[in-house]
Amino acid sequence: MQLIAKLGILADAAKYDASCASSGAPKRSSRGRDGLGATDGMGICHSYTPDGRCVSLLKVLLTNFCLYDCQYCVNRRSSNVPRARFSPEEVVRLTLDFYRRNCISGLFLSSGIIRSADYTMEQLIRVASLLREEHGFRGYIHLKTIPDADPLLIEEAGRLADRLSVNIELPTDASLERLAPEKRASTIRQAMSVIHHGQQAVAGEPRAPRFTPAGQSTQVIVGADATDDSALLRNAESLYQGYGLRRVYYSAFSPIPDSPSSVPLAAPPLLREHRLYQADFLLRGYGYKAGELLGETGNLALDIDPKLAWALANREVFPLDVNRAEPALLARIPGIGLRSVQRLVALRRERRIRYDDLIQLRCVLDKARPFIVTSDYRPAQAELRSGLLRARLREPQAPVQMGLWG
Amino acid sequence: MIALDCGDDFATWRDQARQLLGHGIDPATVTWGQARMDDLLAVPTPLPAGTGPFRARVPAALLAQLEQAGRYRGEQRWNLLYEVLWRVAHGDRTAMLAGDRLGSEMQRRIRQVGREAHHLHAFVRFVPLPEALAEQLQLDLVAYHEPAHDILDSACGHFADRLGRQRWLIATPLDGVRFDGQHLDYRRQCPEQWRQWARNAEDPDAELWLAYYRHAFNPARLNPGALRQHLPGRFLRHLPEGPLIPELVGQARHGKQRDGQALEVGRQRGKRIASGSHSTNPNELNL
């Protein structure tokens, strides 16, 4: 089979993994040296596909031949898809060619399970070591980790790659058992802890060889089973705390050709995925707890963003005086992001903040207005009930066409 | 009115501004233009000689910010900077902060310039020259790019970090830069020959990237609005994947939206794998 035909099949097979980040790697440069590639911590999106997703890495499977039968996966063994397999040298050639053209910043390599978990992991490592050691490649490498692989292999991968990821896929044991019978939640978590220990062993030792400097990540599929947002976010929170994960990716279940009856035929709304990302960002960047964002309810509201939802549910905190409130509280005002908080703090050292300043800072005042006090402004709506405010601030929802079959 | 021309060069502007500030010349009475006759109302008054009596002290960070904002191509390009400098030098530091009307415009320009440098790093596409030609021109990779601001000089070092000893050049409608594996050769006027090489390079291996792009797209998640938001239309003309986009969007709208698979893959014969085939050697599969 021609290289270009393999590339088509194995790129198509890899697109369901949402992660494409190339950020967080340490500073490396090839200036004046043999070899190729640099990283500086900033990710670069070299292109965007018409689904609005960023193309930062060459994201392919080594092979889509797979012994597992995960129901949500297009590459499961019972799926009727064309199959292909790259040689490690072919992946190296493609990576270097695309990199030289400035189409990508690195490689994200995953694979179906062939022969055994260990064999598969060895193949992935082979590609990374060819790139790093034979071709002096200093660009970004993200390797998928096979959960059941030998911990020694995972450690070897961690020394070559900038990032490793082990996909959780489904957040509950019951769902895994039903939809991914060959996978075990316990081995997935074991692999995560091998990576986490590897990171801790070199933390604070600048001379030690690097170990996954861009951290580890995982992906959860949203909407392939009945798990609600509350369970997803609490799960994410425990992963951030327990394994020092850098990112949890949420991938709305994408219908696959020739779909088995165990998974839904239709995709969940992409808006749900979007709300999960917003909530996840609040966990990582703003210091919210999952329990705060989802009190009694099981799912995040679709019509308003989670930060606004929290503010509406906690009116006693507001209105906040922008000239006085702690930065951490300022960041909880809807419509005011972390960058605006920094700027407000810098500005209020010089003088009192007025309403007009918030316009200059391009804060989203439609959202912020009921929740703030400035030196020349008090909200008239401060007494307005949350229900009314919500009705005023909700985002218009796309009309849903009635189903033909009810 | 004092009419000045700095040739869009920051160092020249800085010397002029220092002199103006020293003589306490108000921003309202100075104008910078490309050509001196830009401002019809300006009756040229000469720039006073010498450094002038006023000794201005400004924060070191301001100079770096002015330099960055000076790369922005737009209205009042140099006047705005002098006004900021004037106010800060006279004790009003808010003029450089985003909360102030003037400061916010300068900060916006700094952001746009940073963004445009990022666009350079993201959307430049090099074409590898065939071996014989590479040997003849002493050049491995060529690219043509149209930046909206003057960022090539300050942002092109990124490619020397990335490409090691590879020899490359980037040509633009105004300036250009060439790297010989050791040194950067930046030209404010891009030699016409560089531009010709970059615009006319043949690329027989372009198909691999296009195949990748086509298959990485998930038609079930079609969202052309997000694409437009992140990838400004003016870059599409020079990206090899640009022409593919309308075609892919069209296919997705006409029925390809049911699942994520690319059309070309769906047309091929599939292969189910027998269960319990742990002994199967994938090398023996008829691929």
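**Notebook: a strand pair, a helix pair, domains and the chain contact**

I began with a single bridge: A:Leu107 has A:Ile141 as its bridge partner in E5(A). The model is predicted, and I kept to its limits: local features need pLDDT of at least 70, side-chain atom pairs count only at pLDDT 80 or more, and totals for chains, interfaces and linings use all residues. Residues are numbered from 1 along each chain as its sequence is written, while chains are lettered from A and ligands numbered from 1 in the order in which they are written.

**Sheet in chain A.** I then looked up the strands themselves, where helices (H or I, at least four residues) and strands (E, at least two) are DSSP runs numbered from the N terminus. Strand E4 (residues 106–110) of chain A runs parallel to strand E5 (residues 140–144) of chain A, and four bridges join them; two strands pair if DSSP finds at least two bridges between them. Both belong to an open sheet of six strands in chain A, with parallel pairing and the order E3-E4-E5-E6-E7-E8. Strand E3 (58–61) and strand E8 (247–252) of chain A each have a single partner strand, so one side of each of these edge strands is left without a neighbour in the sheet. On average, I noted a turn of 20 degrees between neighbouring strands of this sheet, direction ignored.

**Helix pair in chain A.** I next followed helix H7 (residues 229–243) and helix H8 (residues 270–285) of chain A, which pack at an angle of about 35 degrees with their axes 11 Å apart. Here axes are lines fitted to C-alpha atoms, for helices over the stretch in contact, and angles run from 0 to 180 degrees between N-to-C directions. On the H7(A) side the contact includes A:Leu232, A:Leu233, A:Ala236 and A:Tyr240, and on the H8(A) side it includes A:Leu276, A:Ala279 and A:Leu283; residues are in contact if their C-beta atoms, placed from the backbone, lie within 7 Å. By class I have seven nonpolar, no polar and four charged residues in this contact, where Ala, Val, Leu, Ile, Met, Phe, Trp, Tyr, Cys and Pro count as nonpolar, Asp, Glu, Lys and Arg as charged, and the others, Gly among them, as polar.

**Domains.** For chain A, I found domain 1 (3–293) and domain 2 (306–393), with bounds from an automatic or database domain assignment. Their C-alpha centres lie 38 Å apart, and ten residues of domain 1 of chain A are in contact with six residues of domain 2 of chain A. H8(A) gives the largest share of the domain 1 side, five residues. In chain B the assignment gives domain 1 (2–118), domain 2 (124–199) and domain 3 (207–266); the centres of domains 2 and 3 of chain B are 29 Å apart over C-alpha atoms, and four residues of each are in contact.

**Chain contact and confidence.** I counted 67 residues from chain B and 64 residues from chain A in the contact of the chains. H9(B) gives the most to the chain B side, with eight residues, and that side has 33 nonpolar, 19 polar and 15 charged residues. The predictor gives the complex an ipTM of 0.90 and a pTM of 0.90. Chain B averages a pLDDT (the predictor's confidence in each residue, from 0 to 100) of 88, with 91% of the residues scoring at least 70. Over residues 279–287 of chain B, however, the pLDDT is below 50, and this stretch has ten contacts in the model beyond near neighbours in sequence. Where pLDDT is low, the predicted coordinates should not be read in detail.

Terms used: Contact = placed C-beta atoms within 7 Å.
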